[in-house]
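This report concerns the nonpolar core of one model and the strands that pair within it.

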Amino acid sequence: MGLKLIYCRIFQFIFNYGAMLLAWRKAIPVEGAGSIGQIPGLLREEGVRKPLVVTDPGLVKAGIAGRVTDILVKAGITFVQYAEVESNPSVNTVNAIQKLYLAEGCDGLIAVGGGSAIDAAKVAGARVRFPKRTVNQLGGLLRVWKRLPPLIAVPTTAGTGSETTIAALITDTETHHKYAIMDLHLIPRYAVLDPELTVGLPPALSAATGMDALTHAVEAYLCWTYNTRESIDFALKAVTAIFANLERVYKNGGDLEARQAMLLASYKAGFAFTRAGVGNIHAIAHTLGGIYNAPHGLTNAVILPVVLEEYGPRVHRKLARLAEASGIGTPGSGDAEKARAFIAAIYAMNGRMGIPRAFNFIKDEDIPRMIQWADRESNPLYPVPVIFSRDQFRSVIEKVRIKK
Ligand SMILES: [Fe+2]
């Protein structure tokens with residue numbers, strides 16, 4: 001463990017200096033109820049004459065994609081629509097979007113959806129600029145070095161943060177391997193945060209996606225080195241906003257004020273983690289997504305408080321600051337008590353939103369590869385507050401599983 005710790009910390013120290021040299025930016029936020037009405041103006045500003053709208057069949061059926069395209073029709077903007085994005089967008093989907101874009105002579109992209117539609121549009125934009133490279137060849141870190149066609153991201157959930165992150169997750173059609181493409185050029189030009197598009201989200205989905213955003217913010221806040229003053233500030237504000245608003249949207253989907261606050265929190269958490277990284281919670285959650293197709297937000301929600309407990313005293317000071325900012329715990333008590341109150345507040349909020357404490361589908365025989373994958377994802381890249389040993393990964397996994 002000693003050598004592993006030294007190696008990871010040196011890697012992260014050097015990586016941090018590399019990251020400082022990059023030209024970080026954010027998607028320009030366009031906020032408020034009815035803000036999708038500003039899309040025609042944004043297109044004009046970017047000189048886009050024929051956008052390709054990328055969305056999924058569910059949003060077409062629910063009439064949400066139609067609300068965006070109606071605005072384009074009214075503004076007299078010619079557009080093309082691709083509405084076949086699946087929940088884990090595949091290489092084939094990305095290639096189909098790129099093909100349609102080129103065949104129709106499009107000059108910009110509008111992604112309407114959760115993480116999937118936005119991710120697919122990001123990578124399709126990269127394929128437009130790199131027609132000779134496959135999606136697999138664009139995978140990994142910093143392999144998309146050209147400016148992409150203008151992309152307007154219109155999130156319909158408040159959680160993934162994809163509307164302002166450098167990352168897109170794509171699944172290889174043949175091998176089913178899910179991997180990330182990460183490059184600053186993948187950050188959309190605009191993030192249109194219109195709460196009216198999220199009012200129809202069912203409570204369970206609002207809860208899970210909101211907990212994903214909370215996990216982004218907490219993991220970014222706990223990062224020991226890649227953070228900037230702005231990412232720390234955004235993470236802190238996202239955490240407080242989520243504690244104040246997530247249960248409001250869970251109880252009343254039509255609460256526009258809380259929906260708006262959640263969209264903004266998700267955007268801020270997205271910026272924070274794209275700069276500062278995620279950590280062991282996401283690394284373990286991804287293994288459950290990969291092996292059992294478990295929903296990302298839900299797995300994060302369950303794993304989040306367990307990992308925070310496993311971190312122990314090393315994170316008490318920071319969790320105490322998050323607790324104070326969110327009005328959790330007893331004023332005047334010590335950091336350890338406040339940190340424990342913060343973790344207890346997560347368990348309690350999960351419970352009130354019907355999120356379980358553990359899963360019944362984790363099989364004994366899968367645990368070794370879950371540990372291996374989580375360790376490989378976290379280390380050395382993620383600047384986690386405590387570098388987990390394999391025993392610590394195992395301990396967390398055992399706590400989030402119900403043995404049959
Ligand atoms: Fe996430």
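The text below treats the core, then strand pairing.

The model is predicted: local features need pLDDT of at least 70 and side-chain atom pairs count only at pLDDT 80 or more, while totals for chains, interfaces and linings use all residues. Residues are numbered from 1 along each chain as its sequence is written.

The largest nonpolar core (buried Ala, Val, Leu, Ile, Met, Phe, Trp, Tyr and Cys residues joined through C-beta atoms within 7 Å) has 126 residues, of which Val54, Ala111, Ala217, Ala238 and Val239 touch the most other members. Helix H10 (residues 256–276) gives the largest share, twelve residues. Because domain 1 (24–197) and domain 2 (201–399) both contribute residues, this core lies between them; the domain bounds come from an automatic or database domain assignment.

In strand S2 (residues 51–54), Pro51 and Val53 on one side and Leu52 and Val54 on the other are all buried, that is, 20 or more other C-beta atoms lie within 10 Å of the residue's own, with C-beta atoms placed from the backbone. Helices (H or I, at least four residues) and strands (E, at least two) are DSSP runs, numbered from the N terminus. Strands pair if DSSP finds at least two bridges between them. The parallel pairings are as follows.

| Strands | Bridges |
|---|---|
| S2 and S4 (residues 108–113) | four bridges |
| S2 and S3 (residues 80–82) | three bridges |
| S5 and S8 (residues 178–182) | two bridges |

Val53 faces Ile110 in S4 and Gln81 in S3. Gly140 stands opposite Ile181 in S8.

Terms used. A residue is buried if 20 or more other C-beta atoms lie within 10 Å of its own, exposed if 12 or fewer, and partly exposed in between; C-beta atoms are placed from the backbone.
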